[in-house]
Amino acid sequence: MKKAMILTALIALPVGLSGCDKKTEAPKVEAPKAEAPKAEATTDNMSGMTMPAGSMMGKGSGTVTAIDAATGKITLDHGAIPGVGWPAMKMGFSAKPELLKSVAVGEKVDFDVTVTGTAGEVTAIRKQ
Ligand SMILES: [Cu+2]
């Protein structure tokens, strides 16, 4: 009886732990790195990309209409971005501080954007 119970506990424990690990780690800790291999293995059309499933990359151009260093936002009045299926619009993007410093309001720019859901992050930007 005792042996059987210990065996059951030993078998059940690792399974329970691995289930917890996936739930707690995947969304928070290094999600892009952790999910990249899965995306490569299961999809053909995104095999060259190293980002979480659901993200898209595109290139756009437009005019800087606002920069908010405090919140890490840049507002761009941009043309259509076919890479992510967006029409022309004026909208805010998140961007790293060094990117926000590299351009000024009123400048025409070309930029790279990564879109996850409806949120966009400018990952590169340069004056035209
Ligand atoms: Cu937009």
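**The copper site and model confidence**

Student: Which residues coordinate the copper ion?
Tutor: This is a predicted model. In it, the donor atoms lie at 2.0 to 2.6 Å from the copper ion. They are one NE2 and two SD atoms, and they belong to His78, Met89 and Met91.

Student: How are the donor residues of the copper ion spaced in sequence?
Tutor: Start at the histidine, His78. The methionines are Met89 and Met91. Written as a pattern, the spacing is H-x10-M-x1-M.

Student: Which strands do His78 and Met89 sit in?
Tutor: The two residues are eleven apart, and the pair links distant parts of the chain. Strand E2 covers residues 73–78, and E3 covers residues 89–95. His78 is in E2, and Met89 is in E3.

Student: Is His78 buried or exposed?
Tutor: Buried means under 20% relative accessible area. His78 has 2% relative accessibility. Beyond neighbours within four places in sequence, its contacts include Trp86, Phe93 and Phe111. Because its accessibility is 2%, His78 counts as buried.

Student: Is Met89 buried, exposed or partly exposed?
Tutor: The relative accessible area of Met89 is 27%. The partly exposed class runs between the 20% and 50% cut-offs. With 27%, Met89 is partly exposed.

Student: Which element of the chain has the lowest mean pLDDT?
Tutor: The mean pLDDT of the chain is 76, and 59% of its residues reach 70 or more. Strand E2 has the highest mean among the elements, 98. The lowest mean, 44, belongs to helix H2.

Student: How many contacts does the stretch of residues 33–44 have beyond near neighbours in sequence?
Tutor: Over these residues the pLDDT is below 50. Beyond near neighbours, the number of contacts in the model is seven.

Key
Residues numbered from 1 in each chain as written. Predicted model: local features only at pLDDT ≥ 70, side-chain atom pairs only at ≥ 80, totals over all residues. Heavy atoms only, no water. Helix = DSSP H or I, 4+ residues; strand = E, 2+ residues; numbered from the N terminus. Buried < 20%, exposed > 50% of the residue type's maximum accessible area, 1.4 Å probe, protein only. Contact = heavy atoms within 4.5 Å. Donors = N, O, S within 2.8 Å, 3.2 Å for Na, K, Ca; no water. pLDDT = per-residue confidence, 0-100.
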